[in-house]
Amino acid sequence: MPGDLGVLIVHGMGRQRASFADRLMRRLARRLGAAAARVRLQPCYWGDILQRHQDVTWHKLTAPGKPLGWKPLRRWVTSSLGDPASYLSGYFKRGTPVYGEVHERLRASLEALAASLSSPHAPLVILAHSLGSVIVTNYLWDERGKRRVGRTDFECCRTLVGLVTYGSNIPLFLPPPPVECITFPPPELDPRYRDVARWINLYAPGDPLGYPLADIWDDRHGTTIEDVPVHAGPWPLSRTPLSHVLYQVDRRFVRTVVSLLRQILAAARQAGD
């Protein structure tokens, strides 16, 4: 049975597996209960685009005869900080900019999600962690301009009702001022969803890679962002930099997402009446 609401989950930087969202999807399904039958969840896995290159680089760097200290930390730096550097630097891979290849993966994930929904105009929610929030907002910006890759309204995110960013490092990649925010909700959004449309940004005070977003824009284009501080993960890790990788296992994070999904599902039911 096709779903009424699509949810795309986008991971952040670092070594990731294709199964990165499995645990979160199970937690969301349990919390949604019977309503889970109306929701379709789709992970967007893009890490493999860069990981093979980073693995080759690492093996070359650690060849015999090249002593390096703090190897675990260096390995993390190569895999994690190498992602934004490659994504944003214009680095080419097989003649294609990595930026474009990552965005095509996002589009393809949206296409797969749309195929599981009851309508090509079904509401969309995106959950984006860390560098994933940078990728998603870049994608949304490009879909308003000339670099779009989306082929349908859904792939162009014109039905985007909910955006949840967490551990977001968007402020680290902003251009010089004036800084323009993306327009959210999209102007094409069905008016019946506008009252429930929300951009929620969760950040942990102990997370050095996660930041509030509401006040960093010079031009907001009418966009409102709800910054929500949350100590992500179990104590005492929730007060440390490790909180950056613990949002998806945090109860408040899951409750926040489920509450948003329920509001959108209620609006979708009314829209179908």
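**Figure 1. Serine 130, a buried residue with an unusual backbone angle.** Serine 130 has a relative accessibility of 1%, so it counts as buried, the cut-off being under 20%. This is a predicted model, so treat every value in these legends as something computed from it. Look at the backbone here: phi of serine 130 comes out near 55°, which is positive even though the residue is not a glycine. For orientation, serine 130 sits in the loop that runs between strand 5 (124–129) and helix 6, and helix 6 itself spans residues 131–143.

**Figure 2. Cysteine 157, another non-glycine residue with positive phi.** Cysteine 157 isn't a glycine either, yet its phi is positive, at about 65°. You'll find cysteine 157 in the loop between helix 6 and strand 6. Buried or exposed? Cysteine 157 is buried, because its relative accessible area is 3% and the cut-off is under 20%. Cysteine 157 also turns up in the lining of the largest cavity, which gets its own view next.

**Figure 3. The largest cavity and the residues around it.** Rolling a probe the size of a water molecule over the atoms shows where empty space is left. Searching the whole structure turns up one cavity of 30 Å³ or more. The largest cavity holds about 100 Å³ of space. Which residues line the largest cavity? The list is Leu140, Glu143, Arg144, Cys156, Cys157, Leu160, Ile182, Thr183, Pro186 and Pro187. Sorted by class, that lining comes to seven nonpolar, one polar and two charged residues.

**Figure 4. The second largest pocket, with helix 6 in its lining.** The volume of the second largest pocket is about 360 Å³. Its lining takes in 17 residues, and Thr137, Asn138, Phe173, Leu174 and Pro175 are the ones that lie nearest the centre. Which element supplies the largest share of this lining? That's helix 6 (residues 131–143), with five residues. If you're thinking about the chemistry of the lining, the tally for this pocket is 13 nonpolar, two polar and two charged residues.

**Figure 5. Two cis peptide bonds, each leading into a proline.** Zoom in on phenylalanine 184 and proline 185: the peptide bond from one to the other is cis, and omega is near -5°. Proline 185 belongs to the loop between strand 6 (160–166) and strand 7 (198–203). Now shift to tryptophan 235 and proline 236, which are also joined by a cis peptide bond, with omega at about 5°. Proline 236 is in the loop between strand 8 (225–229) and helix 7 (251–272).

**Figure 6. Helix 1 and its buried residues.** Helix 1 covers residues 22–32, and its buried residues are Leu24, Met25, Arg27, Leu28 and Leu32. Why do they end up on the same side of helix 1? They cover an arc of only 160° around the axis, which puts them there. An α-helix has 3.6 residues a turn, so residues three or four places apart point the same way. Glycine 33 comes just after helix 1 and has a positive phi of about 65°.

**Figure 7. Proline 43 in strand 2 and its contacts.** Proline 43 is part of strand 2 (residues 39–44). Set aside the neighbours within four places in sequence, and proline 43 is in contact with Ile9, Phe20, Ala21, Met25 and Ser109. One of these, Met25, is among the buried residues of helix 1. Proline 43 and valine 7 are 36 residues apart in sequence, with 8.4 Å between their C-alpha atoms.

**Figure 8. Serine 116 and its sequence-distant partners.** Serine 116 is placed in the loop between helix 5 (98–114) and strand 5. With a relative accessibility of 24%, serine 116 counts as partly exposed. Not counting residues up to four places away in sequence, serine 116 touches Pro2, Gly3 and Arg40. How far apart are serine 116 and leucine 5, in sequence and in space? The gap is 111 residues in sequence and 9.5 Å in space, C-alpha to C-alpha.

**Figure 9. Stepping back to the whole protein.** The protein has seven helices and eight strands. Of its 273 residues, 50% are buried. Take the contacts between residues at least 6 apart in sequence: 80% of them join residues at least 24 apart. The exposed surface comes to about 13300 Å², with 56% of it supplied by carbon and sulfur atoms.

Terms used. Residues are numbered from 1 along each chain as its sequence is written. This is a predicted model: local features need pLDDT of at least 70, side-chain atom pairs count only at pLDDT 80 or more; totals for chains, interfaces and linings use all residues. Side-chain values use heavy atoms; hydrogens and water are left out. On a 1 Å grid over the protein atoms alone, a cavity is a set of points where a 1.4 Å probe fits but cannot get out, and a pocket is an open set with protein on both sides within 12 Å along at least five of seven lines; lining residues have an atom within 4 Å of a point. Grid points are joined across faces, edges and corners, and a volume is the space filled by probe spheres set on the points. Helices (H or I, at least four residues) and strands (E, at least two) are DSSP runs, numbered from the N terminus. Ala, Val, Leu, Ile, Met, Phe, Trp, Tyr, Cys and Pro count as nonpolar, Asp, Glu, Lys and Arg as charged, and the others, Gly among them, as polar. Buried means under 20% relative accessible area, exposed over 50%, partly exposed in between (1.4 Å probe, protein chains only). Contact means heavy atoms within 4.5 Å. Accessible areas come from the Shrake-Rupley method with a 1.4 Å probe; for residues, only the protein chains shown count as cover. The arc is that of the directions from the helix axis to the C-beta atoms.
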